[in-house]
Amino acid sequence: MLPFPVLAPALPEIILVVGALCLVLLGAIQGDGARRAIQTLSVGLLIVVLGLVHLSGGKQGVGFEGAFIADGFAQLMKVFTLIASIATLLMSFQWLERERVERYEYSLLVLLATLGMMMMISANDLIALYIGLELQSLALYVVAAIHRDNSKATEAGLKYFVLGALSSGMLLYGASLIYGFAGTTSFSGIAAVVKGGAPLGVVIGLVFLLAGMAFKISAVPFHMWTPDVYEGAPTPVAAFFSAGPKMAAMAMFVRVVITAFPAIAPQWQQIVIFISIASMALGAFAAIGQTNIKRLLAYSSIANMGYALVGLAAGTPEGVQGVITYMAIYLVTTLGSFGCVLLMRRDGQAVETIGDLAGLSRTRPWLAFSLAAMMFSLAGIPPLAGFWAKFYVFGAAINAKLFALAIIGVVTSVVGAYYYLRIVKLMYFDEPKPAFDRGDASVNGVVIVCTIFVALLSIAPAALFNAAAAAARSLF
Amino acid sequence: MAALFFYLFSAVLIASAFMVVASRNPVHSVLYLILAFVNAAGLFVLLGAEFLAMILVVVYVGAVAVLFLFVTMMLDVDFAELRQGFQQYLPFGALIALVFAAELIVVVGAWAIDPSVLKVVQGGSTAIPSDVSNTQAIGRLLYTKYIYFFQAAGLVLLVAMIGAIVLTLRERSGVKRQNVAQQVARTKATAMEVKKAPFRAGV
Amino acid sequence: MYQAIVFLPLIGFLIAGLFGRLIGARPSEIVTTSFLAVSAVLSWVAFFTFDAPGGMMRIQIAQWMQAGDLVVDWAFRIDRLTLVMLVVVNTVSALVHVYSIGYMHEDPSRPRFFAYLSLFTFAMLTLVTSDNLVQMFFGWEGVGLASYLLIGFWYEKKSARDAAMKAFIVNRVGDFGFALGIFLVFVLFGSVAFDAIFPRVGELQQATFRFIGFEWNALTLACLLLFMGAMGKSAQFLLHTWLPDAMEGPTPVSALIHAATMVTAGVFMVARLSPIFEWSPTALSVVVIIGAITAFFAATVGLVQNDIKRVIAYSTCSQLGYMFVALGVGAYSAGIFHLFTHAFFKALLFLGSGSVIHAMHHEQDMRKMGGLRKYIPFTAAMMTIGTLALTGFPFTAGYFSKDAIIETAFASHRFGAATAFVLLVVAAGMTSFYSWRLYFMTFEGAPRWAGGGHGHDHHHADAHAVHGDEHAHHGHDDHGHDHKPHESPQTMLIPLGLLAIGALLAGFVFKDGFIGERFDAFWAGALYIAKDNHILHEMHEVPGWVKLSPFVMMVAGFLVAYWFYMLRPELPKRLAESQPLLYRFLLNKWYFDELYDVLFVRPARWLGTFLWKKGDGAVIDGLGPDGVSARVIDVTNRVVRLQTGYVYHYAFAMLLGVAALVTWSMFGGAH
């Protein structure tokens, strides 16, 4: 007999699975009557899991015959992902209730998607990677279309599903090519095989693999779904898409290239540089033409993924540290921005054009202040958090002698600043439109926390930077 | 003998796969798909993987393909219309396909298993035991070494199920449903009423 | 003590400037004036008790900046020259503060006025106490700023705004030279601190420097550049045009800034840098020539002006020319002595004329005055003293200092000194003439103001167009319509009296120290005199007629003025009509404003318009911001059009992307 599988490193995931299954049962028995209980319990469960992940302290541990890895990197990224899931869940409930999308399955799907993300982050094997990815994606496809009576939402869900299936196909194709040439699916095994130079099949397989993963972080040219899905899906869902899954997919991306393919860094660096530049440029230029704030934020997240990849392109521990820092700050900023969008509600109706923000500083000064802080941060203006994010990735790129990449990044962030600042200008200098309704307490809370983080990170940034540095070291 | 069957199955598999895409009638496509599945099952048998072969026939032919058949027959899809767009993009699409094909041929042409790779492969996997059946062997691996993948795949299926229910199940009003408990709980008193019917007057 | 002298005005400025509205006008006046009074008293105490070893002491306040070799300290250099300037600046400033309480009592923004006055004083004090060129430049620009603010104090008047801008811009020309001079000094000596520069000047006597294509003697070039700054600040010939216009400011400002202190900053600077200038005879010749021309030119223009303040302004310009001649011939102490005495009598004249203007309800045209002595006798007496001192009446202050300058000009062998002597003597006569002309037109003869009210009627046809609205600020002139001139309040008369004492006695009391027997004990090395420079001895050995000539010219000027304006009042008009060309030439100030307008102002305006419309608007905006943003929008539109919404387009884009990446990594990459 084979030995009993090592479960300890995956304890938080196992708790999450068991909890989620209990909630599925509860929902199946009680029906919609248990919706509120399930919501509360879901958040509680995620908080418990977050606590467990945090308590694990980032100990290195491998479970399930090497398919699952727990290390400092995984721990930190899981913490971020769980925070994102908790925040988006909190922001969702009342909003969805008002839009008459009262489905208890929403919380369950978010739970399972979060589980998928944690599996992606900890994946140490191509199969584990693929299954985690599918678990997460499938849940997201459904969540995108959860407003099933809304044609835009169903269109968004369908588009996401079809394109996601295509990208999964590419990823799977790449994985099978790699397996075919390397003879193993485990990352450490692949790293051992390609040490002395990779066969062409592995390189091409890696290209397909990267394409599939680039789809998940919505990097150009695999980004096309992002604006449509963000616009069509309910706003809390778009917020969810832009936060946790991006974090998990980026973590997976980093782990694959750093731990499985360190020997052929020049090959994947070229691809990363290409999609990084394309994402930064397209994100910056396309966002200018948008009138819908959710589409704008979609392009903003495309550009932000480009900036994060700048750090990865460096391929150094410093670069990975930059990626982690960037993603953490991006996560908070995007949650805050979407929180502000969730508060855009006039006469009981959600509004989402940029023009609706006009004169917000006079009707809702604090909301305008928060959104302005987010926009300035996204534009990378010191002393807000976004400045440090860009500072670290560009710094890593320069230290890796990727000067052209850094310069292009700076130029596109100047172009990008235009549309961020345009929102600020609208809010502060244009004639006010009628005031928004009073916001939900939970959304207000999330926005306030995000604003404080973004505005005050510069006071004590060391905690974040040191944690990111430690996490980055655990990969090398 | 085995080689003959291998080429037979393979040839029919590829031909029917092509016909799935090429045939004009969608029902024919699904039928060709079934043929392809059956031939793939034959290939599995040749490899000694009889369990997989049976699964393929039972699940894909018996369930999936039949479901497809129902769907295509019930949906009114105008394939001619779809093909118009197809024609428009054909040249460019074909070019891309050609590029892909050429590249993959180059890649596969470079297939030469490195001795070091072989070493890793041999070191990593155990020899096929002869004393256990196919089904037993898969079961042992699935529930031990690959328990993680197996359970996770189960979760994926769970999500798929939840998703299908969330997106399609509707409580429709005005539809008569069978309520077993109610049926069983009926008594003679509630179920029956004796009416006295007078002559030439009706009820 | 020195810190108190310098920083009390700054504190006063901060209090009045920041809290002036809060605490009101009267407390602002009291605070600034009393701080200045304390500073003035301390200055005199310092002046008499100063006894530092070696005649110099240095007080470090802080290090200002350090960049590579450039180390700039914030420090005081206290020696006799500084002390003289401290006394002059603080005394006049304190008296002007007191005077302003009376003069400005109707103005609504008095806190601002007093804040500016104190700010000016502070800047002037940092200038005179500076220990290095950069600190001096700071003070230099600070007084320029304060001067700009005070000339434009009545900013509702266009003429005041224009005058303020003119003063600032003309000074920029000089300051540019000054800044270049500082750079050159730094290049030559590697330091901007006086202590480091002065001992090493001799080593560099033969050094050369390439500038605008020519090989120059480095020291001469540095001196000329520095002197350019002095020319601007001290309104010397070619850069003098701003000073008469600066009379748009309130009269106390004219007395403080444009007579006694700021305009003498150039004189002070040359004297302070005497260790450098002394090594460059060429530069000193330029100083002599420019000074002499200014003295002569300004006197001629002063002959025909009708605005009481403008006459005194040209007189100031002319007297500054005298000081530069003294500096140029090497008699630095004579120049500073004249600076010292001039501060008293010129401030007296300005404040006196301010009293007249106050009495006449802000009428400044002397043709509308006359016979005022009966109404404002005290002012008339004070003006008489001022005039006597200015014209060099024996034993008044001007007599000692001005005659000394004329004698040194004669005694010197410097190139241009002989011409300077002639010009100065002629100018002395003209000084006497226009001073007495001013006195007679204002105080004697028949009153010309009773009939037509005061100042609201049309102007004389000859009045220069630029100054057409010089009486437009009568907003604060709403106290009754009492047409009779009245004597000014005590706050204005007491400063007049104190200055009059100075104007009478300053020369007699201090002449031994400044230029006489006690020279060495007094200056104690504050002024550098080359070994072969014996000008102060030679001065005493000039022939008797030279000594007499200024006196003769003074008497002649007085007699002509008396004849013209007392005995035969119709004569000046006839003379003007018989010599129209000369008259207009002088009245229009040698047409300098017009010349500069054609040479600089219009081409600059044309160039500016051209660069604005064509250069900036069409080229830079077109290719820069506007062009870039238009291209960005183009790109955006194209990118947005890619987002069609069709799922198969999206899928196709993905396939295309992956195909491109595969192709790249197979054939193009590092593989």
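# Close-up views of chains A, B and C

**Figure 1. A salt bridge in chain A pairs A:Arg100 with A:Glu102.** A:Arg100 is exposed, with a relative accessible area of 63%. This model is predicted. The partner of A:Arg100 is A:Glu102, and their side chains meet at 3.6 Å, N to O. How exposed is A:Glu102? Its relative accessibility is 30%, so A:Glu102 counts as partly exposed. The two cut-offs explain both labels: exposed means over 50%, while partly exposed lies between that value and 20%. Over all chains, the count of salt bridges comes to 43.

**Figure 2. C:Lys157 and C:Glu248 form a salt bridge in chain C.** The side chains meet at 2.9 Å, N to O. Where do the two residues lie? C:Lys157 is in the loop between helix H5 (133-151) and helix H6 (158-189) of chain C. C:Glu248 is in the loop between helix H9 (242-245) and helix H10 (251-260) of chain C. The pair therefore ties together parts that are 91 residues apart in sequence. Are these residues buried or exposed? C:Lys157 is buried, and C:Glu248 is buried as well.

**Figure 3. C:Arg367 and C:Asp365 meet in a salt bridge, and other residues of chain C join in a network.** The closest N and O atoms of C:Arg367 and C:Asp365 are 2.9 Å apart. C:Arg367 has 25% relative accessibility, so it counts as partly exposed. C:Asp365 has 10%, so it counts as buried. The cut-off for buried is under 20%. Now look at the network. Salt bridges that share partners link C:Arg58, C:Asp73, C:Arg77, C:Asp79, C:Asp131, C:Asp195 and C:Arg272 into one network.

**Figure 4. Chain C touches chain A.** On the chain C side, 25 residues are in contact; on the chain A side, 36. The size of an interface is often given as the accessible area lost when the parts come together. Here chain C and chain A bury about 2600 Å² between them. Carbon and sulfur atoms account for 80% of that area. How many salt bridges link chain C and chain A? The count is zero. Polar contacts do occur: six residue pairs, both residues at pLDDT 80 or more. Two helices of chain C, H26 (625-642) and H27 (647-668), each supply at least two residues of the side that touches chain A. H27(C) gives the largest share, 13 residues. Which classes make up this side of chain C? There are 18 nonpolar residues, seven polar residues and no charged ones.

**Figure 5. Chain A combines helices and strands.** Its secondary structure comes to 19 helices and four strands. Chain A has 476 residues, and 67% of them are buried. Take the contacts in chain A between residues at least 6 apart in sequence: 81% join residues at least 24 apart. The exposed area of chain A is about 14900 Å². Carbon and sulfur atoms supply 68% of this area.

**Figure 6. Chain B has helices and zero strands.** How many helices are there? Chain B has nine. From the N terminus on, its elements run α-α-α-α-α-α-α-α-α. Of the 203 residues in chain B, 20% are buried. For contacts in chain B between residues at least 6 apart in sequence, 53% join residues at least 24 apart. Chain B exposes about 15400 Å², with 70% of it from carbon and sulfur atoms.

Notes:
Residues are numbered from 1 along each chain as its sequence is written. Chains are lettered from A and ligands numbered from 1 in the order in which they are written. Side-chain values use heavy atoms; hydrogens and water are left out. Buried means under 20% relative accessible area, exposed over 50%, partly exposed in between (1.4 Å probe, protein chains only). Contact means heavy atoms within 4.5 Å. Accessible areas come from the Shrake-Rupley method with a 1.4 Å probe; for residues, only the protein chains shown count as cover. Buried area is the accessible area (1.4 Å probe) that two parts lose on being put together, summed over both. A salt bridge is a side-chain nitrogen of Lys or Arg within 4 Å of a carboxyl oxygen of Asp or Glu. A polar contact is a pair of N or O atoms within 3.5 Å; within protein, one must be able to donate a hydrogen and the other to accept it, and residues adjacent in sequence count only if both atoms are side-chain atoms. Ala, Val, Leu, Ile, Met, Phe, Trp, Tyr, Cys and Pro count as nonpolar, Asp, Glu, Lys and Arg as charged, and the others, Gly among them, as polar.
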